[in-house]
Structures are given as structure tokens and as C-alpha cells.
Amino acid sequence: MKAVRIHEHGGPEVLKYEAVPEPAIKANEILLRVRACALNHLDLWVRKGVPIKYPMPHILGSDIAGEVVAVGDLCERIKPGQRVLLSPGTSCRQCDQCVLGQDNKCRRYTLFGAGRDGGNRELMPAPEYAAIPIPDHLSFEEAAAAPLVFLTAWYMLIGRAGLEAGEDVLVLAASSGVGMAAVQIAKMFHCRVIATAGGEAKMARAKELGADYVVDHYAQDIAAEVKKITGKRGVDVVFEHVGASTWPKSVQSLAASGRVVTCGATTGGEVELNLTFLFAKQQSLLGSFMGTMGDLHKVLKFVFNGTLKPVIDRVFPMSEIVAAHQRLENKEQFGKVVVIP
């Protein structure tokens, strides 16, 4: 079969489209014919080896959808021929965190494309529990564009920040996959959403997604615009994933008793914080990583019924994955970049 592997860490040029042996499956696994695999910033980090070096050769790709070709002898729920997507995260399913339903806190929790080979290939094995059937009306490309970003955004807003209906929410970088998911989830809870985006075209797309106000994070002062919109009050929740370049303005945008929730640091993880304002205003800083399997099933209900919509930027053949990585790395996309075998 064909797969894209990296044999060393580096730029897009290390991605090699090549022939590899077809995989075998264990008794508790399914064999999936991959029909679509969406890119995430995680792919860029793993490819570069930041901050972790991975054993080589390695296959990237965390967001995966396809058709089940075969199932192991112990599989009972999933059948050959089913259209499914895969949970991006896997865990041991046996430790105390897993049995409590907090599988994203499992010490063995990892992602396809990171701690185990991912979906940039024609055929892949996966544990049966990771497979989630998808409705016929959802394309493989849409299915692949949904899991990681909607799970991450749901857990950030609902699981960590405790979002309540009608609150004011600032979403950084709405043109990203997780940003576009956050805008939609916040609007589903009837929140007032202020989104940031770079340039008129991306700002217009953010408005189409449902953002009530859009700020150009390259040309405008985010905090000043937020204070203007909210009558100097600030927002209840800041949805952060950009890091160092936006952090000062994110904190300044926060209302008293507000919460900053973050899942990433694409522009750097070293930031400054004035503790005086933090405790005096009784604000909260919350870290968030992925989400639980239960959260994934919850949010996918809204994806499957059309309330939440995956946003696809562009689809590339897997043989052109170098160009797909370059598009994501150059921040040219709005929504998800997808590759198909």
C-alpha cells in the first residue's frame, strides 16, 4: 500500500510518499481503508520534532475517516463495510482515570499520528473502541475534519471553562480548525462571540460562521476592541490557543471572574502574568488537552445532526501532502486542510 512517512524530523520536504507493507490487525482491532485524513498543527509539531523526538519511520495524521475492511475475532460492535471516523486519542482503557471516564488523563493517552502511527496511509489498524459510525449524509472529508477540533473546543469551553448560555466569549484565530469549532459551539449556547482573524477575507468567513464581532488581530488592538464592544467590561471566557503573540491581549480582554482557557501555544509558550490582577479580579487560567471519549460522542451528535458543521478549506491528494503542510504552515487556510489517498 501507499503511505506518507517521515524518516527524520524537519520541514515539509521530509514527508515521503512511498510503498509500505500492508498492516495486520489484532483480535480487538479493525482494519480501516482510509478515505480522508485532516491535518492539524500537531502534524507540523511532530514533523519538526517539537518538543518530542519520535521513533522513525513515523506516519502522521490524527483525524481519520474511512471504511472498515475487516475486524478482529474479538470485535462485536463494528462490522466490515461500515463508514466510521476514529477517535483521535487512545488510552489503556483500564487505569483509574480511564474507568472514571477521564481517559484523556490516562498516563498512556496518546494520539494517532503522535504516539502511534496515524492515518496518512491507505490501510491502518485501530482499536475497535476508537471507531465511531458516521451517518450516510456526512462525507469522509467532513468526518475527518470534525473529531480533534470539535472535541478540543467542546472540552475547553464546556468541560474546563464551564461555559454558560449568554456569556461573552473571545475566540482567538477563528480561521483555524479549533477556532471555527469554538465559534460554532459558543453560538450554539447563545453566547455573544468576538472572534479574531487575519485580513478581510478570513474576517468575513468568521462572520459567516456566526461571530457577532470580528477583530483583525494583525491590524487592531484586540483588548481595546473587546473593551469597546463590551462597554469596558471584558469577556467571560477567552478561548486561547495562539500563545505568546496574543497572550497579553487575551488576559487584558478578560472580565472580572472571567476564565482564560488554553489548549496550545503555536507562537510560543513563554508568557508573562501579573498575579495582582489575577487574584484581585478573581480570574481563572485553565489548561486543556483534548477531551474524553464521552465528550467526543456528545459533540459528534451535533455534528451528525448538522448543528455543528466541519469547515473544509481544501482537499489534497495524499501524494501532494507536502503542499498541504505548506498551506497550513503558511496560515493560508480557513478551516481544515484534508488529504485523501
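Start by selecting F150 and everything it touches. Leaving out neighbours within four places in sequence, F150 is in contact with M180, A181, Q184, I185, V299, V303, L308, K309 and P310. Keep in mind as you look around that this is a predicted model.

Now widen the selection to the core around F150. The largest nonpolar core holds 92 residues, and F150 and L86 are the ones with the most contacts inside it. Colour helix α4, residues 147–160, next: this helix gives the core its largest share, eight residues. There is also a second core, separate from that one, with 13 residues; among them are L170, I194, V238 and L254. Give the two cores their own colours before moving on.

**Zoom out**

Show the whole chain as a cartoon. You should be looking at eleven helices and 17 strands. Put a box around the C-alpha atoms along the principal axes and its sides come to roughly 60 × 40 × 35 Å. How does the radius of gyration sit with a compact globule? For 341 residues such a globule would have a value near 20 Å, and the chain has 20 Å, so the two agree.

Colour by burial while you are out here: buried residues make up 54% of the 341 in the chain. If you have a contact map to hand, take the contacts with a separation of 6 or more; residues 24 or more positions apart account for 70% of them.

**Salt bridges**

Back in to the charged side chains. The structure has 15 salt bridges in total, and a few are worth a stop.

Select D221 and K249 first. Their side chains meet in a salt bridge, 3.0 Å from N to O. D221 sits in the loop between β12 (213–216) and α7 (222–229) while K249 belongs to helix α8 (residues 247–252), so the pair ties together parts that are 28 residues apart in sequence. Are these two buried or exposed? Neither quite: D221 is partly exposed with a relative accessible area of 34%, and K249 is partly exposed too, at 28%.

Next, select R327 and D313. The closest N and O atoms of this salt bridge are 2.5 Å apart. R327 is in helix α11 (residues 321–329) and D313 in strand β16 (residues 312–317), so you are looking at a link between distant parts of the chain, 14 residues apart. R327 is buried, at 17% relative accessible area.

Then go to R233 and D236, whose side chains form a salt bridge of 2.5 Å, N to O. R233 is partly exposed, with 42% relative accessibility, whereas D236 is buried at 10%. Add D168 and R192 to the selection: together with R233 and D236 they are linked in a network of salt bridges.

**D212**

With R192 still on screen, select D212. Not counting residues up to four places away in sequence, D212 touches K187, C191, R192, V193 and K207. The place to look is the loop between α6 (200–209) and β12. At 28% relative accessibility, D212 counts as partly exposed. If you want a distance to draw, go from D212 to E270: their C-alpha atoms are separated by 31 Å, with their positions 58 residues apart along the chain.

**A nonpolar patch outside**

Switch on the surface. The chain exposes about 14,500 Å², and carbon and sulfur atoms supply 51% of that. Which residues form a nonpolar patch here? Select L273, L275, F279 and L285, which together have about 390 Å² of accessible area. Zoom in on F279, found in helix α9 (residues 275–280). This phenylalanine is exposed, with a relative accessible area of 59%.

**Last stop: V20**

Finish with V20, in the loop between β2 (15–19) and β3 (29–38). Which residues does V20 contact, leaving aside neighbours within four places in sequence? They are M1, A3 and R5. V20 is a loop residue, and at 9% relative accessibility it counts as buried.

For a closing view, draw a line from V20 to V303, one of the contacts of F150 from the start of the tour. V20 and V303 are 283 residues apart in sequence, and 34 Å apart in space from C-alpha to C-alpha.

Conventions. Residues numbered from 1 in each chain as written. Predicted model: local features only at pLDDT ≥ 70, side-chain atom pairs only at ≥ 80, totals over all residues. Heavy atoms only, no water. Salt bridge = Lys/Arg side-chain N within 4 Å of Asp/Glu carboxyl O. Helix = DSSP H or I, 4+ residues; strand = E, 2+ residues; numbered from the N terminus. Buried < 20%, exposed > 50% of the residue type's maximum accessible area, 1.4 Å probe, protein only. Core = buried A, V, L, I, M, F, W, Y, C linked by side-chain atoms within 4.5 Å. Contact = heavy atoms within 4.5 Å. Rg over C-alpha atoms; globule rule 2.2 N^0.38 Å. Areas by Shrake-Rupley, 256 points an atom, 1.4 Å probe, with all protein chains shown as cover. Patch = residues over 30% accessible without salt bridge, like charges linked within 9 Å, V, L, I, M, F, W, Y side chains within 5 Å.
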